[in-house]
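Okay, thanks for coming, everyone. Let me put today's model up, and then I'll walk you through it.

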Amino acid sequence: MNLEQILTPQVIAAVKELYGVDATDQQIQWQKTRAEFEGDITLVVFPFVKLARKAPQAVAQEIGDKLMADGTGLVAKCNAVQGFLNLCIDQSYYINQLKAIAADEHYGHFPYPNAKCKNGKCKNDQMLMMVEYSSPNTNKPLHLGHVRNNLLGYSIAKIQEANGWKVVKTNIVNDRGIHICKSMLAWLKFGNGETPESSGKKGDHLIGDYYVRFDKEYKAQIAGLMAEGMDEETAKKEAPLIKEAQEMLRRWEANDPEVRSLWAKMNEWVYAGFDETYKQMGVSFDKIYYESNTYLEGKAEVEKGLAAGQFYRREDGSVWADLSKDGLDEKLLLRADGTSVYMTQDIGTAKLRFQDYPIDKMVYVVGNEQEYHFKVLSILLDRLGFPFGKELVHFSYGMVELPNGKMKSREGTVVDADDLMAKMIEDAKEISKDKVNTLQGITEEETNEIARKVGLGALKYFILKVDPRKNMLFNPEESIDFNGNTGPFIQYTYARIRSVLRKAVSASTLSGEAGLSLDPKELALIRRLMDYPSVVRQAGEEFSPAVVCNYAYALACDFNSFYHDCSILNEPDENKRALRLLISQTTARTIADAMSLLGIEVPERM
RNA sequence: GGUCCGGUAGCUCAGCUGGAUAGAGCAACAGCCUUCUAAGCUGUGGGUCGCGGGUUCGAAUCCCGCCCGGAUCACCA
């Protein structure tokens, strides 16, 4: 039970006694006391001013006097400034809270709050949330946009786990379609049998190169045709290359063995490349789906819906859903030639997933450009009887933009994920060269490991600290910071604490704390630590790793300030020293936990 | 045009379930290492919170209108 929960009923009682009115929970507003006033927590008394028909200051004073006279001794002092009642809480309360936090192995995590209730009877099963993220196309390597997606998806999964959900991380790989045929065709025509082994290229990069090559050759053909007098639109349709690619797609759909085997081979190259990237990024999946396996399932679902009268068929044979009752348009589900569209595939994927897992909540981590798609998908899944359809979450995030606009794969204006991670690790290593005194006696391997954690930490924090909904800017010309409000700053704080704890000879236990008086910096830290569970809760409700970032930063700031002012190991009073060690240890643990929710590792030294 | 999202310091971003004088970091400048890691700490300067109305004791925050930027409204994914 936190401070507000303890104090709120006391305030309600005080207001009742003083003014004979029943105050509602909503009228009780707490906020942190501003630094310039004395106190730990502040009650806003404006809501009671009318009831009391007195000046705000007088009301605040009256309530404050009542709280102090309650006999518990919790409120040690108070002062009233206008309509704000600042309360000083007895220090023993904080010390007890600190001990409780230190003793709680899973502090900030909520084990099973989401008990599944059926027929009013709770079976205490854990609710299952499936989180889809990454969802790459197999025709090009991952870029910075994917990095944001992956980091957000992974972090959200961790955050929801901390909030008590059973989370299944999933990936839907878009492995079929015209895009991969383009790469395949270009490889056949211009590849001379190049393989990842023969060229030493990562498989996804190799395929990406041929995708770019296709586009280049295709554009040349279009230009050629236009020079012969054809208009642009016709030229785009008539260029031999695009026709060949389309023909290849037809052969793929017809299960042509030759095309299928090439397709399988090239996709394997891509997956090997993706696996490397995912591993370096530190993300993982519990279950991977492939569109080549789900799109037929989608067609079947649509046919079923059609038979059930949910959808209708037009004269040309195409199948549509009428969403006008939901305030939307009509939406195509199957083309006249019977082939499926994006929506059909997503329905099929949902079907398979629901067969595989008892999904209570489905979360799609997909860019905000697809908001309309998911609005439609939600309605369609609901109509088709999927329990999670209506309440599906499209975790919609903003684009990563470069100084000159959006990234475009075909135009080569992308920031490659592998390159970027390598660059960050390299930068981290460069910076660590100046730290010879703190990193002396460490093996080359350890140094590399620290650089990896720190470099990736800088990148991840840089991306995750921004509100996911917002577009964010990345300037490749300016390197990502390692100072200030950054991942490395927080990692550094952790490493500092670990260093102190290593040097602490014995873990003396805290006793006889009655006589202890808390330093303001100690108090601030304990209060910050107390906030952690509500931060985890909020991050889960809002689907926002940024909330966790802000907290981790604030916690690190509080610690550094404390560290600067208060000596830990050199504190002569044994009891005080024990308290500070306990604060330090709890802070380190909380930093590490918060960072783990972000998918960021913390080094023991740096 | 309809719908959705954003506009806060020179730059990158917090704050947005209404609360006291709008916060960080970067960049600039000035201090702090014989003492637990200086990737740190302390300080200075920097703002019509896009604009205009409204709601109220109180608005960056809520409501309405407008301006600017982005996304979306495909037999693309």
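Before we look at any contacts, a polar contact here is a pair of N or O atoms within 3.5 Å; within protein, one must be able to donate a hydrogen and the other to accept it, and residues adjacent in sequence count only if both atoms are side-chain atoms. Now the small print: this is a predicted model, so local features need pLDDT of at least 70 and side-chain atom pairs count only at pLDDT 80 or more, while totals for chains, interfaces and linings use all residues. Residues are numbered from 1 along each chain as its sequence is written, chains are lettered from A and ligands numbered from 1 in the order in which they are written, and side-chain values use heavy atoms, with hydrogens and water left out.

Right, the RNA. The side chain of T42 has an N or O atom 3.3 Å from a base nitrogen of RNA strand B. With R335, a side-chain N or O atom sits 2.6 Å from a phosphate oxygen of that strand, and L473 uses a polar backbone atom, 2.9 Å from a phosphate oxygen.

Zooming out, 63 residues surround RNA strand B, the closest being D316, K435, D467, Y492 and Y563; near means a heavy atom within 4 Å. Of the strand's atoms that come within 4 Å of the protein, sugar and phosphate make up 61%. Helix α17, residues 487-503, gives the largest share of that surface, with seven residues. Helices, by the way, are DSSP runs of H or I with at least four residues, and strands are E runs of at least two, numbered from the N terminus.

What about the overall layout? Chain A carries 20 helices and 17 strands, and it's split into domain 1 (3-89), domain 2 (129-174 + 286-415), domain 3 (177-281) and domain 4 (417-597), with bounds from an automatic or database domain assignment. Taken over C-alpha atoms, the centres of domain 1 and domain 3 are 69 Å apart. The whole C-alpha trace spans about 90 × 65 × 45 Å along its principal axes.

One last residue: is D418 buried or exposed? D418, in helix α15 (residues 417-432), is buried, at 17% relative accessible area. Buried means under 20%, exposed over 50%, partly exposed in between, using a 1.4 Å probe and protein chains only. Beyond its neighbours within four places in sequence, D418 is in contact with K202, D204, H205 and T277, contact being heavy atoms within 4.5 Å.
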